[in-house]
Structure formats: structure tokens, C-alpha cells
Amino acid sequence: MTFPLPNTRNPVVLPDGNAHAGTVFLSAAVDHPRFEIGDYTYASAHIPPEDWASHLAPYLYDFSPEKLSIGKFCQLADGVTFITSSANHRYDGFSTFPFMIFTGAGPHAPSMPDPGPDTVIGNDVWIGQGATILPGARVGNGVIVAAGAVVGGHIPAYAIVRGNPAQISRMRFDDDTIVALQEIAWWGWDIDRIVAQEAAIVGADLVKLRAAAR
């Protein structure tokens, strides 16, 4: 069985032979200058949007100063939303009202907030249904974000987070295993090599995975 190429827009084939419109490899479905998306990262939607970029990150514009970076092999469930920095208002003064939107005064207007940080999602991150990722969040490799969670700040690799605001529920593995997985970084391997080690990767066989990494 051949694994779909990363530039395949709709990589899931239904029993009738048709491609599943509601599942896309994002690197093939998104053409946006402020997105950076790794190979094989996919998103799903019960009602497929015409524009996946605006569906996922509605405040990330072509002219936004920030970026949204998503690693390889991430899994984005239906309803995931990235609230990027361009959604922000100034909140250090007496009013948060965005006067510049209505005056057309442009980026140097007093009510324009300073550029905000990029949002960075690591590799092999699973973001559950309806989760919201806040501006400037940095989510480590292998993180699981529970459905409906609201995530901000820095989330360490291989944490499971849930709630609003999202808190670490537990770590997926012990510290030594996490260090080993970060060093092995299987997501950087050739896809055929990854598929050949599927059982070790999804079955948490660190001995076999270490051997394959040599």
C-alpha cells in the first residue's frame, strides 16, 4: 500500500473510490503567505470550507506581521481555531476600541496594537474538536490538546492539556522517554521508513524505534 504524497489535497479515499472532501493535507489545501505547514499535517471538517486558511485562522491576513507555523504529521479536528496576533486590540490604554478599522488610518494609527508573536505548533500534535489556540502559543512536539481546550503560552512536548485556560492534565511519557523521542524525531524520516516503523511508533516500542533510528 502506497502512502499518499504530501501534496495530495484529499488523501483519504472512501470505499466508493471518491476522495473524502472533508479531510485535507493542509500543505496542499492552504496557499497563504503567513502559514507554514509541514508535510502530512491534516485537518478535518464535517462541512468542508472553501477556504481552509480562513476557516482555521480567520484573523491571519496576507498582510499580517505574524506567522502560523504547524509542524509535520499534526492532526486538526473539526472546529479547531487559531486566534492569531492580528486579532488583538490594544489594551494598555483607557479603551480597547479599534478606531483605526473605521477611520482607515492604517498601521500607524494610535489604536493599532504592536505586532504580536508567531504561533508555533510542533510535530505530531493532535488538536481535538473545537479547541482554540491563542496568539503566540507555542505547542511542543507530541502534545495532545483535548476537545474544547483554550491553549495559550508554552506547552511542553508530550503533554496532554485540557480546559479553559488549558492546564497540563498529565505527561504522556516519562522524562527519559520524552528526551529519546525528541532526539529520534521520527517525523523527519522518509515516509517509507516511517510507515515501515508504524507498529513501533504507535505501539510505543522505544527499543525498536531506537534501533530503526540508528
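**Surface, sheet and loops of a predicted model**

The protein chain exposes about 11900 Å², and carbon and sulfur atoms supply 55% of that area. The model behind these numbers is a predicted one. Taken along the principal axes, the C-alpha atoms fill a box of roughly 60 × 45 × 25 Å. The chain has 214 residues, and 42% of them count as buried. It holds 7 helices and 15 strands. As for how the chain meets itself, take the contacts with a separation of 6 or more: residues 24 or more positions apart account for 41% of them.

On the surface, there is a nonpolar patch to look at. It is formed by F97, F99, I101 and F102, which together have about 470 Å² of accessible area. One of these residues, F102, sits in helix α3, which spans residues 99-103. With a relative accessible area of 62%, F102 counts as exposed, because the cut-off for that class is over 50%.

Next comes the sheet. It is an open one of 7 strands, put together in the order β1-β3-β5-β8-β11-β14-β15, and its pairing is mixed. The edges are taken by β1 (23-25) and β15 (167-171); each has a single partner strand, so one side of each is left without a neighbour in the sheet. In general, strands of a sheet pair through backbone hydrogen bonds, either parallel or antiparallel. Strands β11 (residues 144-145) and β14 (residues 159-162) run parallel, and 2 bridges join them. Across this pairing, I144 stands opposite I160 in β14.

The loops on either side of β14 each hold something to notice. Ahead of the strand, Y158 lies in the loop between β13 (154-155) and β14. Its phi is near 65 degrees, a positive value in a residue other than glycine. Y158 is also buried, with a relative accessible area of 2%. On the other side, P165 belongs to the loop between β14 and β15. The peptide bond leading from N164 to P165 is cis, with omega near -5 degrees. For background, most residues other than glycine have a negative phi, and most peptide bonds are trans.

Y40 is another residue other than glycine with a positive phi, here near 70 degrees. Its place is the loop between β2 and β3 (42-44). At 12% relative accessibility, Y40 counts as buried.

Turning to charged pairs, the structure holds 2 salt bridges. As a rule, side chains of opposite charge can pair when their charged atoms come close. K67 forms a salt bridge with E36, and the closest N and O atoms are 3.1 Å apart. K67 lies in the loop between α2 (52-56) and β4 (68-70), while E36 is in strand β2 (residues 35-37), so the pair ties together parts that are 31 residues apart in sequence. K67 is partly exposed, at 26% relative accessibility. E36 is partly exposed too, with a relative accessible area of 36%.

R90 and D92 also form a salt bridge, with the closest N and O atoms 3.0 Å apart. Here R90 is partly exposed, with a relative accessible area of 32%, whereas D92 counts as exposed at 60%.

That leaves helix α7, made of residues 206-213, whose buried residues are L206, L209 and A212. They cover an arc of only 125 degrees around the axis, which puts them on the same side of α7. The spacing fits a simple rule: an α-helix has 3.6 residues a turn, so residues three or four places apart point the same way. The cover over the buried residues of α7 includes α4 (175-184), α5 (191-196) and α6 (198-202).

Q197 belongs to this part of the picture as well. It is placed in the loop between α5 and α6. With its neighbours within four places in sequence left aside, Q197 is in contact with W189, K208, L209 and A212. Two of these contacts, L209 and A212, are among the buried residues of α7. Q197 itself is buried: its relative accessible area is 15%, and the class takes in residues under 20%.

Key:
Residues are numbered from 1 along each chain as its sequence is written. This is a predicted model: local features need pLDDT of at least 70, side-chain atom pairs count only at pLDDT 80 or more; totals for chains, interfaces and linings use all residues. Side-chain values use heavy atoms; hydrogens and water are left out. Patches are made of residues with over 30% relative accessible area and no salt bridge: like charges are joined within 9 Å, nonpolar side chains (Val, Leu, Ile, Met, Phe, Trp, Tyr) within 5 Å. Accessible areas come from the Shrake-Rupley method with a 1.4 Å probe; for residues, only the protein chains shown count as cover. A salt bridge is a side-chain nitrogen of Lys or Arg within 4 Å of a carboxyl oxygen of Asp or Glu. Helices (H or I, at least four residues) and strands (E, at least two) are DSSP runs, numbered from the N terminus. Buried means under 20% relative accessible area, exposed over 50%, partly exposed in between (1.4 Å probe, protein chains only). The arc is that of the directions from the helix axis to the C-beta atoms. Contact means heavy atoms within 4.5 Å. Two strands pair if DSSP finds at least two bridges between them.
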